[in-house]
There are 2 protein chains.
Amino acid sequence: MVQICGDCRVRDRSICGSLSDEELETLNHLGRNRHLHKGETLLWAGEEALVCANLLSGVLKVSAATADGREQIVGLLYPSDFVGRPFAEEAEQSVTALTEVDLCVFPRKPFEAALEHHARMERLLLRRTLAALDEARARMLLLGRKTAGEKLATFLLDLAGHLGQRCSEGDTSFDLPLTRAEIADVLGLTIETVSRQMTKLKQEGLIDLPSGRQVTIRDRHALEERAEVA
Amino acid sequence: MVQICGDCRVRDRSICGSLSDEELETLNHLGRNRHLHKGETLLWAGEEALVCANLLSGVLKVSAATADGREQIVGLLYPSDFVGRPFAEEAEQSVTALTEVDLCVFPRKPFEAALEHHARMERLLLRRTLAALDEARARMLLLGRKTAGEKLATFLLDLAGHLGQRCSEGDTSFDLPLTRAEIADVLGLTIETVSRQMTKLKQEGLIDLPSGRQVTIRDRHALEERAEVA
DNA sequence: CGATGGCTTGATAGCGTTCAAGTCTAGTGG
DNA sequence: CCACTAGACTTGAACGCTATCAAGCCATCG
């Protein structure tokens, strides 16, 4: 048997980290490693939600759409994040890979059963879900009440928190895992507005854009002020 | 001792409904009935989150605000809904009464301990939190991608689902527990836009407004189309 | 070297905001 | 019973932010 959990890259940070070695046995049998290519979709909104998963590497988007096809990205998932929606027959949002992605996938029903028998894991999932709710609500404030410039500033600080590497002069730097179109779908804007606000932040010296997909935060304090965080 | 739980109006619908009579004893000691006047705030964003609660009657808003005071209502709570944020020292959103409100309030820390000992209640809370997350994400689609008219149509259908009474001719009718300003804060709009869209929906025959605060849904199907629900 | 997809930039338009009256309703006191 | 008031609501006019439409740029890749 392959020792999936034994050398798991995110074991200590995922909800499985709560389990003892013996308990992990159960999940070890349940879980399957799976790779998703950029653009591939794991769960479709409106379809039966067959699986849950832990994200091992890469970035996933969770997205909803209107009847006529307008899209809104309602969440981003990073390594060690929990993926999916236990206890719902039908997924309300789609889950799609923004980069190459590795997952540890569980069939939903057996995973739900496993939750019942591993109170600590269930507890961790509750805490994560509560945190995700707080995050979603913060994003609601962004979508409903912030201007384009404030939205972008908030978003870049968010990304820096997840992907940021300390670089020269104490600045933070990272590569965008999203295209402008995807950023627009996160912020409830259009590509053009995202692009314009990006260059504006650069011109004002708050950020630098060495190349299209790289971002360096030059003035974190000013960016935080721009973000209008409470 | 007062039999708080014995004659609880929402016992069978709240997360306490999962408990046996003996288990309820624990909560019975913990819970206190509390009344909130319209406009009173139970939890302040940024302050220590001292309590959780079950909502017995009335409507609560959960709201976030930017540094400069713009407000976004990120959730509405109805009778039997769970109130508060276990496992967080500090509340990220405020909780305020939109109407006269009755609550069954628990001090947070002891409530968290009770959760640990009552797996079924914890499980129910997890399910509710997951549902709340789905709801928040649906609202993100509304805020980011829907027009003012679509926002209002969606919102009125939402309210009808919670408060609607079947009235003559099979139409659904209800009283708004929110002012126009509060509706605006839910939908990420201004008072004036809400008012204009309201009269527009009335003129088009989708709804009727017998008085300022009463709403009758005349053409549910058309309203659903307008709402652009997936 | 041309094609493609992602990105930027410019010009214009429109939706929703802002500012400003004005109306309606409920509650209060004469 | 009727002014009077205050708050909620509606309506109108003008503005501005962001969307829309339209080129054009730039890197990558065949």
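## How H3(B) crosses H4(B)

H3(B) passes H4(B) in a left-handed crossing (left-handed if the near helix is turned anticlockwise from the far one by less than a right angle, right-handed if clockwise). The model here is a predicted one, where local features need pLDDT of at least 70, side-chain atom pairs count only at pLDDT 80 or more, and totals for chains, interfaces and linings use all residues. Residues are numbered from 1 along each chain as its sequence is written, chains are lettered from A and ligands numbered from 1 in the order in which they are written, and side-chain values use heavy atoms, with hydrogens and water left out.

Helix H3 of chain B covers residues 119-145 and helix H4 of chain B covers residues 148-163; their axes come within 9 Å and cross at roughly 155°. Helices (H or I, at least four residues) are DSSP runs numbered from the N terminus, and axes are lines fitted to C-alpha atoms, for helices over the stretch in contact, with angles from 0 to 180 degrees between N-to-C directions. H3(B) and H4(B) are therefore roughly antiparallel to each other (angles over 145 degrees count that way, under 35 as roughly parallel, 65 to 115 as roughly perpendicular and the rest as oblique).

So who touches whom? Contact means heavy atoms within 4.5 Å. From H3(B), Arg139(B), Leu142(B), Leu143(B) and Arg145(B) meet Glu150(B), Lys151(B), Thr154(B) and Asp158(B) of H4(B). By class, that's two nonpolar, one polar and five charged residues (Ala, Val, Leu, Ile, Met, Phe, Trp, Tyr, Cys and Pro count as nonpolar, Asp, Glu, Lys and Arg as charged, and the others, Gly among them, as polar).

## H4(B) also meets H7(B)

H4(B) packs with helix H7 (residues 220-227) of chain B too, at an angle of about 130° and with the axes 7 Å apart. That makes H4(B) oblique to H7(B), and this crossing is left-handed.

On the H4(B) side, the residues in contact are Gly149(B), Glu150(B), Ala153(B), Thr154(B), Leu156(B), Leu157(B) and Ala160(B). They meet Arg220(B), Leu223(B), Glu224(B), Arg226(B) and Ala227(B) in H7(B). This contact divides into six nonpolar, two polar and four charged residues.

## Around DNA strand C

Now for the DNA. There are 16 residues around strand C, and the closest are Arg180(A), Ser195(A), Arg213(A), Ala148(B) and Thr193(B) (a residue is near a strand if one of its heavy atoms lies within 4 Å of it). Of the atoms of strand C within 4 Å of the protein, 56% belong to sugar and phosphate.

Some polar contacts (pairs of N or O atoms within 3.5 Å; within protein, one must be able to donate a hydrogen and the other to accept it, and residues adjacent in sequence count only if both atoms are side-chain atoms) reach the bases. A side-chain N or O atom of Arg196(A) is 2.9 Å from a base nitrogen of strand C, and a polar side-chain atom of Arg196(B) is 2.9 Å from a base oxygen. Ala148(B) uses a backbone N or O atom, 2.8 Å from a phosphate oxygen. H6(A) gives the largest share of the surface near strand C, five residues.

## Around DNA strand D

Strand D has 16 residues around it, with Thr193(A), Arg196(A), Arg180(B), Ser195(B) and Arg213(B) coming nearest. Here sugar and phosphate make up 61% of the strand's atoms within 4 Å of the protein.

Arg196(B) has a polar side-chain atom 2.9 Å from a base nitrogen of strand D, and Glu192(A) has one 3.0 Å from a base nitrogen. For Thr193(A), the partner is a phosphate oxygen, 2.3 Å away. The elements giving two or more residues to this surface are helix H6 (191-203) of chain A and helix H6 (191-203) of chain B.
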